[in-house]
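Colleague: I am new to this structure and would like a close look at a single part of it, the open sheet. Could you take me through how its strands are arranged and what packs around them?

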Amino acid sequence: SHQGIVIADISDPTMPIIATIDTLGVANRLHIVGERLYVANMSGDGLISRLNVINISNPSIPAMEKVIDLQPARPDLEPDGAYNVMLAGNKAYVSVHYSDQEDSPSQSLIEIVDLKQVDEPGLDATVPVMIHRSANWDDYAARDMVLARGAMHVAAGKQGLDRIELSELTVLQHSPNAFENNVSTALKKIQIDFSGALDEASIGEFFRVTMKHPEIGQDVT
């Protein structure tokens, strides 16, 4: 909540706090991928919705790496916060709620954020998916999300269960994990779960293995 992110040592029964980081708002939900912590964050007064990206490679010294503002496309709506976040491939799915000028619920959406494009100037890296087109006090929130069976499923209150189809072939999960270090070269297998089927005859076109660096390292595929 307002305390931001707290990191505790769960190997100790007393769970001592070893580090904190202020998100300058209300931290709602967390999603960890490798050494990155993604936080759905709401400004303390509900003035803005944000996605925080925090580097936790050293848990004792978490570092704010990126802050992504999520604003409504309509000028007559006000952001009321980001409530949940899930990662799939290079995209973050963030549930947001917008209110009208009288602070009444208006709409709720899932903002799909392309994390590779957020730093490109003049480019909107978000794609909105409408969950509640006309929200009200009895039904306005996207409560939870889960990635399953090649799609993002959203618990949408009285709207039921919404299914957001992935627009492109996406890596759903994999082992070893993203940004994992000191991975043994004696692994029996590398496991990758995709959102769709691949043609076995062309499977080699989708993969490349490099030494030391993913882009400029020696190709050892």
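Modeller: In this predicted model, the open sheet is built from four strands, which follow one another in the order E7-E8-E9-E10 with antiparallel pairing. Strand E7, covering 78-88, and strand E10, covering 126-132, stand at the edges with a single partner strand each, so one side of each is left without a neighbour in the sheet. From one strand to the next, the twist averages 25°.

At the E10 edge, strand E9, which holds residues 105-114, runs antiparallel to E10 and is joined to it by six bridges; looking into that pairing, one finds that Glu-111 has Pro-128 in E10 as its bridge partner.

The packing can be followed from the largest nonpolar core, which has 17 residues, and among these Leu-51, Val-85, Ala-92, Val-94 and Leu-115 touch the most other members. Two or more residues each come from strands E4 (36-42), E5 (49-55) and E6 (63-70), as well as from E7, E8 (91-99) and E9, and E8 gives the most, with four residues. In general, nonpolar side chains in soluble globular proteins tend to be buried together.

Val-85 is a useful residue to follow here: leaving aside residues up to four places away in sequence, Val-85 touches a set of residues that includes Leu-51, Ala-92 and Val-94, along with Arg-29, His-31, Tyr-38 and Met-145. Met-145 in turn belongs to a second, separate core of 15 residues, which also includes Ile-110, Ile-131 and Ala-142.

How values were computed. Residues are numbered from 1 along each chain as its sequence is written. This is a predicted model: local features need pLDDT of at least 70, side-chain atom pairs count only at pLDDT 80 or more; totals for chains, interfaces and linings use all residues. Side-chain values use heavy atoms; hydrogens and water are left out. Two strands pair if DSSP finds at least two bridges between them. Axes are lines fitted to C-alpha atoms, for helices over the stretch in contact, and angles run from 0 to 180 degrees between N-to-C directions. A nonpolar core is a set of buried Ala, Val, Leu, Ile, Met, Phe, Trp, Tyr and Cys residues joined through side-chain atoms within 4.5 Å. Buried means under 20% relative accessible area, exposed over 50%, partly exposed in between (1.4 Å probe, protein chains only). Contact means heavy atoms within 4.5 Å.
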